[in-house]
Amino acid sequence: MVGFGTYQMPRRITQQCVTDALEVGYRHIDTAQCYGNEHEVGLAVKASCLPREEVFVTTKLWGVRGYGDTMRSIENSLRTIGLDYIDLFLIHEPSGDFISQYQAMEDARQMGLLRSIGVANFMQENYLNLIAHCKVIPAVNQIETHVYRQQTAMHRLLQQHGTWHESWSPLACGQNGFFRDPVLQAIADCHGKTIAQVGLRWLLQQGIDVIPKTTHKQRMQENLDLFDFSLSDAEMQAIKGLDTGRSQFNWW
Ligand SMILES: NC(=O)c1ccc[n+]([C@@H]2O[C@H](COP(=O)([O-])OP(=O)(O)OC[C@H]3O[C@@H](n4cnc5c(N)ncnc54)[C@H](OP(=O)(O)O)[C@@H]3O)[C@@H](O)[C@H]2O)c1
């Protein structure tokens, strides 16, 4: 439920950061072809000497057209990360012929190259289109979700169809004054916790998993230390009021 994000993490520090994350207890690492750091993520996983089945690695498909391209791209990711299989493989965004891309992923899953498959940034129309054509329901849809973009309708839709809702930028990547938000600060003070912990806990309590990114070992620990408190109904409601219904990144 609490993974470690690696977007915008420079290659030269990625291996060390992922090693630190594994040391403090993360067992779920999120990378992507377009982050350019798949190789370093794989190096850290292998150097950790953890049993392979204890670490869950996600990567994402980028910039391909159809079926054949996708197969080659999966093989390339496996070579770059240096693992025999990928735990979760996502279409990074709905571009090109994503139905054919997904069919290749279904076949790669059948072949044992991918353990589970899903999507990212698929909003209602694309998501419904995909599930009308696929054999395997996407295990996960990774979408921008945080206190300022709560995605309540998408959450309901995903639950209805059996796809897990995963939050990207669970800390809003610091946008909109997240780390100074007075509503979050007041709640954090009540629990002796930080704003980051309140924002992450709020997602977890709705059954949304989180993949916060940080390059600081102390913050890695902080972002994982979420299971010794819970938010009351009134606190959950107060945070509901922060929704802007808009992306903080003008993206999907
Ligand atoms: N599928 C997609 O399209 C997509 C898009 C965006 C992101 N993602 C995934 O989601 C992950 C998380 O999203 P994100 O990296 O955009 O943003 P995020 O995790 O919401 O926030 C990261 C930012 O918050 C800072 N930070 C982290 N923990 C902190 C703490 N406890 N206190 C204060 N500052 C803290 C980090 O700085 P420091 O590093 O300096 O600590 C960094 O600037 C990504 O890394 C990536 O794996 C996926």
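Biologist: Which helix gives the largest share of the shell around the ligand?
Modeller: Happy to help! This is a predicted model, where local features need pLDDT of at least 70, side-chain atom pairs count only at pLDDT 80 or more, and totals for chains, interfaces and linings use all residues. Residues are numbered from 1 along each chain as its sequence is written. Helices (H or I, at least four residues) and strands (E, at least two) are DSSP runs numbered from the N terminus, and the largest share of the shell, three residues, comes from helix 9 (residues 217–224).

Biologist: Which residues come nearest to the ligand?
Modeller: A residue counts as near if its C-beta atom, placed from the backbone, lies within 6 Å of the molecule. There are 26 residues around the ligand, and those that come nearest are Gly 5, Tyr 7, Leu 171, Lys 213 and Thr 214.

Biologist: Is Val 2 buried or exposed?
Modeller: Val 2 lies in the segment before strand 1 (4–5). Buried takes 20 or more other C-beta atoms within 10 Å of a residue's own, exposed 12 or fewer, and partly exposed is in between, with C-beta atoms placed from the backbone. Because 20 other C-beta atoms lie within 10 Å of Val 2, this residue is buried.

Biologist: How far apart in space are Val 2 and Leu 226, C-alpha to C-alpha?
Modeller: In sequence, 224 residues separate Val 2 and Leu 226. In space, C-alpha to C-alpha, their distance is 9.1 Å.

Biologist: What is the phi of Asn 121?
Modeller: Most residues other than glycine have a negative phi. Asn 121, in the loop between strand 5 (114–120) and helix 5 (124–133), is not a glycine, yet its phi is positive, at about 60 degrees.
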